[in-house]
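Please walk me through this model, beginning with how its strands are put together and moving on to what surrounds them.

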Amino acid sequence: MSDNRPLAGRTAWVTGSSRGIGREIALHLAQQGAAVALHGRTRESGATFGEAPSLVAAAEQLARETGAKTTAVWADLCLEAAVRSAAEFVRQELGPLDILVHAAGGDVGAAGPEGPGGGRPSPNDALDISTEDLRAVLDLNLLSGILVCRAAAPEMIRRRSGCIVLLGSTAAMWGRVDGAVYSAAKAGLHEYARCLAVQLRPHDVRVNVVAPGGTLSARFVATGQAKPERLDTASILEGYNQPADLAHTVAFLASDAGRRISGQILRVDGAEQCWPG
């Protein structure tokens, strides 16, 4: 294995990779030598915020830029049968899964990311959020993570090798009014990852969570969540994450350099939160 391509020979499935943080993670894993499957909810995923004309186009561009083998798969990850079918498609196209990165998620209600305000529920607190939005946020951020792990982990157990990285959030680490259900869903995902890491430990399969703070994805900016004072700062730690900051962290955890790290929630937030998580 080449030192500058530490993931050569491995297959990665990155959910939610048609745009934003997920797409940057897919790019970095491909640059590290992995064959990568991009995923979106639909074939047109990626076009919502102008990041790619289609999921297929994003996969083709990734292949051109990196020389990696890529494929594209679209599926609603809140439906178990769709998740299993997508995982099997990735195996047929690229081979057995070595790396699962679950980057799909977000504070997105029943209207989807195409809805008003980038799909953020309104109202969006603990008591007044609609039942439809509540279910959508829980399914997208918690249920989907559980389902993709259930689809990927058994083959990793059989081979006694594999790495799972779930994208959580620092929003799960503190109480807040705006986005309360999103915070609760991500907190549930964090705890599920800890439990799964313990279950998979005897099989040498690693499970970790990368929990970003505010990150300058196209949706984050388009939905007005970026504060001007943090955009204007020259400070690395006091500004926002770039998507590449998350990609480098995921790649480290997926590589042999992270082979002894499992069951951890790793915050990437420039020390915005420094209390135990």
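Two strands are said to pair if DSSP finds at least two bridges between them. In this predicted model, strand S4 (residues 99-102) and strand S5 (residues 162-167) satisfy that condition, since four bridges are found between them and the pairing is in the parallel sense. One of the contacts across this pair can be named by residue: the bridge partner of Val101 is Val165, which lies in S5. To get from S4 to S5 the chain passes through helix H4 (residues 131-159), and the β-α-β crossover made in this way is right-handed.

On another side of the pairing scheme, S4 is joined to strand S1 (residues 11-15), again by four bridges and again with the two strands running parallel. Here Thr15 has His102 of S4 as its bridge partner.

These pairings belong to a wider arrangement, an open sheet of seven strands whose order is S3-S2-S1-S4-S5-S6-S7 and whose pairing is parallel. The edges of the sheet are formed by strand S3 (70-74) and strand S7 (265-268), each of which pairs on one side only. Ignoring direction, neighbouring strands of the sheet are turned against each other by 20 degrees on average.

How well are the faces of S4 and S5 covered? In S4 both faces are covered, with Ile99 and Val101 buried on one side and Leu100 and His102 buried on the other. For S5, six of its six residues are buried, and these are divided between two covered faces, with Gly162, Ile164 and Leu166 on one side and Cys163, Val165 and Leu167 on the other. Val101 and Val165, the bridge partners named above, are thus residues that can be found among the buried ones of S4 and of S5.

Following the sheet order onward from S5, one comes to strand S6 (205-212), which pairs with S5 in the parallel sense over six bridges. Val165 stands opposite Asn208 of S6, while the same Val165 is the bridge partner of Val101. The segment S5, H5 and S6 makes up a right-handed β-α-β unit, in which helix H5 covers residues 180-200. S6 is in turn joined to S7 by four bridges, the two strands running parallel, and within this pair Pro212 stands opposite Val268 of S7.

Beyond S6 the chain enters a loop that leads to helix H6 (218-222), and Ser217 has its place in that loop. Is Ser217 buried or exposed? Ser217 counts as buried because its relative accessibility is 15%, and the cut-off for buried is under 20%. The C-alpha atom of Ser217 is separated by 25 Å from that of Val83, and the two residues are 134 residues apart along the chain.

The elements S5, H5 and S6 also take part in the second largest pocket, as they are the ones that give two or more residues to its lining. The volume of this pocket is about 510 Å³. Of the 20 residues that line the pocket, Asp204, Val205, Arg206, Arg259 and Arg260 are the closest to its centre. Sorted by class, the lining consists of seven nonpolar, four polar and nine charged residues.

Technical notes:
Residues numbered from 1 in each chain as written. Predicted model: local features only at pLDDT ≥ 70, side-chain atom pairs only at ≥ 80, totals over all residues. Heavy atoms only, no water. Buried < 20%, exposed > 50% of the residue type's maximum accessible area, 1.4 Å probe, protein only. Right-handed = clockwise from strand over helix to strand, strands pointing away. 1 Å grid on protein atoms, 1.4 Å probe; cavity = no way out; pocket = protein on both sides within 12 Å on 5 of 7 lines; lining within 4 Å. Points joined across faces, edges and corners; volume = space filled by probe spheres on them. Nonpolar A, V, L, I, M, F, W, Y, C, P; charged D, E, K, R; others polar. Axes fitted to C-alpha atoms, helices over the stretch in contact; angles between N-to-C directions.
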